[in-house]
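Okay, thanks everyone for making time. I'd like to walk you through a helix pair and a little group of aromatic rings, so have a look at this one with me.

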Amino acid sequence: QSVQSEIFGSGLLGAAILTVIVQLLVPFLHEIFSMTVGVLPLRAGLFAASITGLVEMPLAWMRLSDRALAYLSFITLRTFVQIALTWSLLENGHGAASILYATFWVNLLSSAVFAFMAYKSGGLRITGNGVRRLARYGMPLVGGGLAMYALGSFDRLFLAHAVSAHEIGHY
């Protein structure tokens with residue numbers, strides 16, 4: 001439990017630092033890529049990407065702890081919530097931003113659930129040892145999560161220049 005609380009506490013610190021850096025870059029990224037999606041949805045999407053590790057690390061921990069049913073249950077619930085949110089936002093005319101907003105809420109809620117679980121099971125600790133463990137164990141997960149998020153989500157932002165919001169919704 002001590003190791004878990006150190007890893008998650010250090011993950012929170014890392015996510016906070018990454019979130020601040022990425023949010024400071026949003027105006028530059030919006031300008032350089034000439035995105036048609038607004039700054040607020042871009043901020044939401046990049047915030048979601050920044051906290052991906054707070055979801056992926058505990059999920060990996062579940063798999064390594066031989067809790068396959070808990071892992072499957074969480075992934076299934078998260079998938080259905082994201083689909084429902086995306087559909088609802090698309091139905092309400094949010095276009096490509098729907099995916100970014102839905103991912104924001106799903107990652108935020110998932111992170112909050114895992115933070116609560118970590119707090120209840122042993123608290124959240126930030127130590128030098130925890131930061132080193134995070135670097136060895138968590139950074140590849142965070143990098144992979146960010147890459148998968150970019151692969152799965154950002155194509156819609158680039159498509160926004162070429163197709164209508166209706167077509168992106170179908171995509």
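Let me start with a cut-off, since I'll lean on it later: a residue is buried if its relative accessible area is under 20%, exposed if it is over 50%, and partly exposed in between. And please keep in mind that what you see is a predicted model.

So, take Trp105. With a relative accessible area of 43%, Trp105 falls in that middle class, so we call it partly exposed. Its sequence neighbour Phe104 is at 17%, and that makes Phe104 buried. How are the rings of Phe104 and Trp105 arranged? Their centres are 4.9 Å apart and the planes sit at 80°, so this pair is edge-to-face.

Now the other partner. In total there are 3 aromatic pairs in the structure. Another of them joins Phe47 and Phe104: here the ring centres are 5.4 Å apart with the planes at 55°, so we call the pair tilted. What I like is that this one links distant parts of the chain, with Phe47 in helix H2, residues 39-50, and Phe104 in helix H5, 57 residues apart. Phe47 itself comes out at 22% relative accessibility, so it counts as partly exposed. Put together, Phe47, Phe104 and Trp105 make one aromatic cluster.

Staying on H5 for a moment, have a look at Asn107, which is also in that helix. Is Asn107 buried or exposed? It's buried, because its relative accessibility is just 7%. And what does Asn107 touch, once we ignore neighbours within four places in sequence? The contacts are Ala48, Ile51, Thr52 and Val55.

Last bit: the helix packing. H4 covers residues 68-91 and H5 covers residues 97-122, and the two pack at about 145° with axes 8 Å apart. The crossing of H4 past H5 is right-handed. On the H4 side the contact includes Phe74, Arg78, Val81 and Leu85, and on the H5 side we have, among them, Ile99, Tyr101, Val106 and Phe114. Trp105 is in that list too, on the H5 side, so remember that this is the Trp105 from the aromatic cluster. By class, the H4 and H5 contact has 12 nonpolar residues, 5 polar and 1 charged.

That's my tour, happy to take questions.

Definitions and conventions:
Residues are numbered from 1 along each chain as its sequence is written. This is a predicted model: local features need pLDDT of at least 70, side-chain atom pairs count only at pLDDT 80 or more; totals for chains, interfaces and linings use all residues. Side-chain values use heavy atoms; hydrogens and water are left out. Axes are lines fitted to C-alpha atoms, for helices over the stretch in contact, and angles run from 0 to 180 degrees between N-to-C directions. Helices (H or I, at least four residues) and strands (E, at least two) are DSSP runs, numbered from the N terminus. A crossing is left-handed if the near helix is turned anticlockwise from the far one by less than a right angle, and right-handed if clockwise. Contact means heavy atoms within 4.5 Å. Ala, Val, Leu, Ile, Met, Phe, Trp, Tyr, Cys and Pro count as nonpolar, Asp, Glu, Lys and Arg as charged, and the others, Gly among them, as polar. Buried means under 20% relative accessible area, exposed over 50%, partly exposed in between (1.4 Å probe, protein chains only). Rings of Phe, Tyr and Trp (its six-membered ring) pair if their centres lie within 6.5 Å; planes under 30 degrees apart count as stacked, over 60 as edge-to-face and the rest as tilted.
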